[in-house]
Amino acid sequence: MRRAEEVRRVEHIMGLPISLRIDDGDIDGDIEGDIDGHVNVAAADRVFAWLREVDARFSPFLADSEVSRLDRGELEPHELSPDLVEVLDLCEEYRVASGGAFQVRIPGRGLDPCAMVKGWAVQRAAELLRAEGVTTFCLNAGGDVVSAGRPWRVGVRHPERADQLCTVLEITDGAVATSARYERGDHILDGRTGRPATALLSMTVVASSLTEADATATAAFAMGAEGIDWAAAREGCEVFAVDAERRVFRTQGFPVAA
Amino acid sequence: MKRALPVLVLTVAGLIPVWRYAPSTDTSSSTEVAEPASTPSSSSSGSSGQVVAGSTIKTEKGPVQVEVTFEGDKISSVRMLQQPNHPQTKAAVPKLIASTLEAQSADVDTVSGATITSDGYKESLQAAIDAKA
């Protein structure tokens, strides 16, 4: 067994700050790395390279991305990459599950799967780390978190006070995502009406994957007050929500830190 | 009722092939006796619609049976013949704990919040944590 070094890195990709922290520790399994054990650095390089690739392929703001080309009708369904097909299938799954509130094709706007791409891509990045033999890490992409290997204390930002938390939870292997309006304004639209969702101040979901946590948080936020019950009823999801009256609702299984 | 809907849809979906291809002989799952028909049966209900009662399906909340009215190949209405006694909505949604919003500061490894922009990052708690690490 070899030891691998600690990594602390922040990069800005897809307009998001992405913080990766890998603890030093034993390298899991028979993983190829250079002899000095720079396994974690190499794994971190791959994570950021993957996220830059995702941005180039799936950004609706880049004219030559696959998403933009699809939106302009330049690609036939059989020409789409398996990754984009997977993302669009997930979008459809959550659109149906949320009764249309989660919507990546709002009339009058172009195709914008960003709400799904971010969680999906960062979850994939976490799987890349595991495949590289990294056991203990915390990856935070603009407020969405995937962690592994030891208990990690995750604060949930207070919806009205940027320097405060409203709860602290603890997860070992899992994901946390929060949807709210305080950073980017009314950017989450209720797909059923096309209007900004304003009934909740903050919606945090814990799940086993960030794909699930992020999409469920976004869909529930778009649904409004009924989104709290909806998210709570989803299998494997734990919820911490703040409504417009500043009432807090959480599921019994929400992993509040001691 | 929201949570009951998937059960209903599944039941209806399961019913259609039964109605089309074979009278059901499966009465073993039926736990109630006062049902109009335990095998799918059709009767003209006075209009052009065809009314079909589905077989009883056991769910963890209790037996469920629906009656479906078809207009040609399309379902025009669905009626519950049997449904669990307790409301699905209350049973299906985990109990939520209500409390008031509190502000706290604590030592944490990372912060979850609304998607932060690269511009907003400089002022954020996460930036402070990253700088300290």
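This is a short dialogue about a sheet shared by two chains in a predicted model.

Trainee: How do I read a sheet, and what is the order of the strands in the open sheet here?

Mentor: Start with the general idea: strands of a sheet pair through backbone hydrogen bonds, either parallel or antiparallel. In this predicted model, the open sheet has three strands in the order S8(A)-S7(A)-S7(B), and its pairing is mixed. The edge strands, each pairing on one side only, are S8 of chain A (165-171) and S7 of chain B (110-112). On average, neighbouring strands are turned by 35° against each other, direction ignored.

Trainee: How many bridges join S7(A) to S8(A), and how many join S7 of chain A to S7(B)?

Mentor: Take chain A by itself to begin with. S7(A) and S8(A) run antiparallel and are joined by six bridges; along this pairing, A:Arg153 stands opposite A:Glu170. Across the chains, S7 of chain A (residues 152-157) and S7(B) run parallel, with three bridges between them. Here A:Val154 stands opposite B:Thr110, and A:Val156 stands opposite B:Ser112.

Trainee: Is S7(A) largely enclosed or open?

Mentor: Count its buried residues. Five of the six residues of S7(A) are buried, so the strand is largely enclosed by the rest of the structure.

Trainee: What lies across S7 of chain A together with S7 of chain B?

Mentor: Look for helix H4 of chain B, residues 125-132, which lies across both strands. Helix H4 runs at about 165° to S7(B).

Trainee: Now for the contact as a whole. How many residues does each chain bring to it?

Mentor: In general, the size of an interface is often given as the accessible area lost when the parts come together. Here we can count residues instead: 50 come from chain A and 34 from chain B. On the side of chain A that touches chain B, S7(A) gives the largest share, six residues. By class, that side of chain A has 22 nonpolar, 14 polar and 14 charged residues.

Note on methods: Residues are numbered from 1 along each chain as its sequence is written. Chains are lettered from A and ligands numbered from 1 in the order in which they are written. This is a predicted model: local features need pLDDT of at least 70, side-chain atom pairs count only at pLDDT 80 or more; totals for chains, interfaces and linings use all residues. Two strands pair if DSSP finds at least two bridges between them. Helices (H or I, at least four residues) and strands (E, at least two) are DSSP runs, numbered from the N terminus. Axes are lines fitted to C-alpha atoms, for helices over the stretch in contact, and angles run from 0 to 180 degrees between N-to-C directions. Two residues are in contact if their C-beta atoms, placed from the backbone, lie within 7 Å. Ala, Val, Leu, Ile, Met, Phe, Trp, Tyr, Cys and Pro count as nonpolar, Asp, Glu, Lys and Arg as charged, and the others, Gly among them, as polar. A residue is buried if 20 or more other C-beta atoms lie within 10 Å of its own, exposed if 12 or fewer, and partly exposed in between; C-beta atoms are placed from the backbone.
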